[in-house]
Amino acid sequence: MWIDTHCHLDAAEFGGEQTQIAAAAAQQQVKWIVIPAVERANFGTVAALAARLPNCTYALGIHPMYVEHAEEADLLALREAISAAMADPRFVAIGEIGLDFFVPGMDRGPLREKQEHFYVQQLKLAREFGLPVLLHVRRSQDILLKHLRRIKVQGGIAHAFNGSFQQAEAFIGLGFRLGFGGAMTFTRALQIRRLAVDLPLAALVLETDAPDMSPAWLHPAANQPEQIPRIGAVLADLRSIPLAELAQATAANACAALPRLATLV
């Protein structure tokens, strides 16, 4: 069994082919796909996809890349959506939330302040409802950690992790698993591949971030969740362990990170 812990299946790039894409993933033994929201406008979209597709679940949150145009009312709407979704077994986390200091202009000034405000408020919602979070961590690991130490949440997943070993250990110490995907399949991605080998297997989960983060054999074409087993095979090869062991471990790790997902397995 495989689990794609991060897939934007509602993205326009998929052109209404979500049913076929989810079915293709299921044929590759991808038992579950987690679809994170990115803004208020797609809260209902990701929930509807998860209700319609048998191997899909979802998360609700406001992505840092969408914070610039978000309003305080969106946080109120998020709280209402979370409250209503608690009765839905397919709802598994708060996400995608976090900080992005990679994009020029987002690492300073009012936009950085607004990002941090939305991140903190969403951490508080995760704490209030006892939910894990799906974290966007681009060049922002230390500030994310600073707030996580202050606002205790039920762990979650640091998506597309690309920090230092020490930062990885800090996230793990706070109850997080770390997401690895297409970037790991490039031989030039030396730091990511070192982390994939040196970190405890119990800390790792697999993800596609589809349609983004395509693996080496697909790039620059759009990624899809059916690629998870082949991405997993790269990780198994890097760690010199059997593929079946890697599949079992990463699926178990995903369920540990997302307890509501575990109830569906």
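1. Let me start with phenylalanine 176. Leaving out residues up to four places away in sequence, phenylalanine 176 touches Val133, Leu135, Leu148, Val153, Gly155, Gly156, Ile157, Ala158 and Phe171. This residue sits in strand E7, and at 2% relative accessibility phenylalanine 176 counts as buried. Please keep in mind throughout that this is a predicted model.

2. One more distance for the same residue: glutamine 154 is 22 residues from phenylalanine 176 in sequence, and their C-alpha atoms are 8.5 Å apart in space.

3. Phenylalanine 171 deserves a look from its own side. Setting aside neighbours within four places in sequence, phenylalanine 171 is in contact with Leu135, Val137, Gln141, Leu144, Leu145, Leu148, Ala158, Phe161, Phe176 and Leu178.

4. Now the wider core. In soluble globular proteins, nonpolar side chains tend to be buried together. Here the largest nonpolar core has 78 residues, and the members touching the most other members are Leu9, Leu60, Ile82, Val133, Leu135, Phe171 and Phe180. Helix H4 (residues 109-129) gives this core its largest share, 7 residues. There is also a second, separate core of 15 residues, with Trp32, Ala59, Val205 and Leu261 among them.

5. Which residues of helix H1 are buried? They are Gln18, Ile21, Ala22, Ala24 and Ala25. Viewed down the axis of H1, these buried residues fall within an arc of 155°, so they line one face of the helix. Their packing partners are E2, H2 and E3. Just after H1, glutamine 29 adopts a positive phi of about 70°, a spot you may like to inspect by eye.

6. Helix H2 (residues 43-52) can be read in a similar way. Its buried residues are Phe43, Val46, Ala47, Leu49 and Ala50. Seen down the axis of H2, they fall within an arc of 160°, so they too line one face of their helix. The buried residues of H2 pack against helix H1 (18-27), strand E2 (30-36), strand E3 (56-60) and helix H3 (72-85).

7. On to the cysteines. How many disulfides does a search of the whole structure find? The count is 0. Cysteine 56 is in no disulfide, and the nearest cysteine sulfur, belonging to cysteine 7, is 7.3 Å away. Cysteine 56 is also buried, with a relative accessible area of 0%.

8. Why is cysteine 255 not bonded to the closest cysteine sulfur? That sulfur belongs to cysteine 56 and is 15 Å from the sulfur of cysteine 255, so the two are too far apart for a bond. Is cysteine 255 buried or exposed? At 13% relative accessibility, cysteine 255 counts as buried.

9. Finally, the pocket, which may interest you if you plan to look at the cavity grid. The largest pocket has a volume of about 750 Å³. Its lining is made of 30 residues, and those lying nearest its centre are His136, Arg138, His159, Asp209 and Met213.

10. Which strands each supply at least two residues of the lining of the largest pocket? Strand E5 (133-138) and strand E7 (176-180) do. The largest share of the lining, 3 residues, comes from E5. That brings us back to E7, the strand in which phenylalanine 176 lies.

Terms used: Residues numbered from 1 in each chain as written. Predicted model: local features only at pLDDT ≥ 70, side-chain atom pairs only at ≥ 80, totals over all residues. Heavy atoms only, no water. Core = buried A, V, L, I, M, F, W, Y, C linked by side-chain atoms within 4.5 Å. Buried < 20%, exposed > 50% of the residue type's maximum accessible area, 1.4 Å probe, protein only. Helix = DSSP H or I, 4+ residues; strand = E, 2+ residues; numbered from the N terminus. Contact = heavy atoms within 4.5 Å. Arc of directions from axis to C-beta. Disulfide = S-S within 2.5 Å. 1 Å grid on protein atoms, 1.4 Å probe; cavity = no way out; pocket = protein on both sides within 12 Å on 5 of 7 lines; lining within 4 Å. Points joined across faces, edges and corners; volume = space filled by probe spheres on them.
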